[in-house]
Amino acid sequence: PLDKVFTDVRIFHVQAPSNAKMSTVGKMYEYHEQRKKAEYNRRVLDVEKGCFIPIVFSTTGGMGVEAQRFFKRTAEKIAMKKDTPYSQVVSFVRRRVRFDLVKTTLIALRGFRGKVLQDPEKIGDLDIHLELKVL
C-alpha cells in the first residue's frame with residue numbers, strides 16, 4: 001500500500017543561545033523533532049490521513065534519528081526496486097537532498113533569478129528513473 005508521507009525540514013545551529021540549555025547534541029535533535037511533531041503531526045494524521053516525519057539537521061552536518069531512519073528506509077526501498085547496491089542509493093539520496101537544501105537556501109536569500117519553466121521537471125528525468133503515473 002502507498003502511504004502518504006509528509007516531511008518538514010528544520011536546520012538548527014548547535015551553538016545558538018536557544019540551544020544552550022540542552023546538555024548534548026542528541027537532546028537538541030530530539031527537542032527539535034518533538035517541536036516539529038507537536039506542530040504538524042496531529043493535522044497530518046487527522047486531515048491528510050498520512051504520517052509525518054520531521055527531518056532535522058544541524059549546521060555542523062549531523063541529522064536527527066528520524067531523518068536517519070527516513071533516509072535509510074527510502075534508500076532500502078529504492079535499492080530493492082532498482083536492484084542497485086544500497087551504498088550507491090543512500091549516497092545518491094543524501095547528495096540529492098543536500099543540493100536541494102543548498103538550492104532552496106540560495107533562493108530564499110537572493111531570490112529566484114532563472115527563467116520560470118512552463119513545464120515542471122519531469123520525475124522520469126531524475127537520476128533514479130522514477131515515473132509518475134497520472135490516474
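**Group meeting: salt bridges, helix α2 and a pocket**

I'll open with one pair of side chains: R73 and E76 form a salt bridge, and their closest N and O atoms are 3.4 Å apart. Please keep in mind throughout that this is a predicted model.

Why can these two reach each other? R73 and E76 sit three residues apart in helix α2, so about one helical turn separates them. In general, an α-helix has 3.6 residues a turn, so residues three or four places apart point the same way. Side chains of opposite charge can pair when their charged atoms come close. As for accessibility, R73 counts as partly exposed because its relative accessibility is 45%. E76 is also partly exposed, at 26%. Elsewhere, K37, E66 and R69 are joined into one network by salt bridges that share partners.

Now the helix that holds the first pair. Helix α2 runs over residues 65–82, which is 18 residues. From its first C-alpha to its last it reaches 26 Å, close to the 26 Å expected at 1.5 Å a residue. Which residues of α2 are buried? They are E66, A67, F71, A75, I78 and A79. So E66 turns up twice in this talk: it is among the buried residues of α2, and it belongs to the salt-bridge network with K37 and R69. The buried residues of α2 pack against three elements: α1 (25–48), β2 (51–58) and α3 (86–110). After α2 comes D83, which has a positive phi, near 50°.

Back to the salt bridges. How many does a search of the whole structure find? Seven. One of them is between D8 and K36, with the closest N and O atoms 2.3 Å apart. This pair links distant parts of the chain: D8 is in strand β1 (residues 5–12) and K36 is in helix α1, 28 residues apart. Is K36 buried or exposed? K36 is buried, because its relative accessible area is 7%, and the cut-off for buried is under 20%. Its partner D8 has a relative accessibility of 22%, so D8 counts as partly exposed.

What else does K36 touch? Setting aside neighbours within four places in sequence, K36 is in contact with D8, V9, R10, N41, F52 and P54. D8 is therefore both a contact of K36 and its salt-bridge partner.

A further salt bridge joins E48 and R43, and here the closest N and O atoms are 2.8 Å apart. E48 is partly exposed, with a relative accessible area of 24%. R43 is partly exposed as well, at 48% relative accessibility.

Last topic: the second largest pocket. It holds about 230 Å³ of space. Fourteen residues line this pocket, and F57, S58, G61, R98 and L101 lie nearest its centre. Which elements give two or more residues to the lining? Those are β2 and α3. The most comes from α3, with six residues. By type, the lining divides into seven nonpolar, five polar and two charged residues.

To tie the parts together: β2 and α3 contribute to the lining of the second largest pocket, and the buried residues of α2 pack against both β2 and α3, along with α1. Helix α1, in turn, is where K36 lies. That is what I have for today.

Methods:
Residues are numbered from 1 along each chain as its sequence is written. This is a predicted model: local features need pLDDT of at least 70, side-chain atom pairs count only at pLDDT 80 or more; totals for chains, interfaces and linings use all residues. Side-chain values use heavy atoms; hydrogens and water are left out. Helices (H or I, at least four residues) and strands (E, at least two) are DSSP runs, numbered from the N terminus. The expected span of a helix is 1.5 Å times one less than its number of residues. Buried means under 20% relative accessible area, exposed over 50%, partly exposed in between (1.4 Å probe, protein chains only). Contact means heavy atoms within 4.5 Å. A salt bridge is a side-chain nitrogen of Lys or Arg within 4 Å of a carboxyl oxygen of Asp or Glu. On a 1 Å grid over the protein atoms alone, a cavity is a set of points where a 1.4 Å probe fits but cannot get out, and a pocket is an open set with protein on both sides within 12 Å along at least five of seven lines; lining residues have an atom within 4 Å of a point. Grid points are joined across faces, edges and corners, and a volume is the space filled by probe spheres set on the points. Ala, Val, Leu, Ile, Met, Phe, Trp, Tyr, Cys and Pro count as nonpolar, Asp, Glu, Lys and Arg as charged, and the others, Gly among them, as polar.
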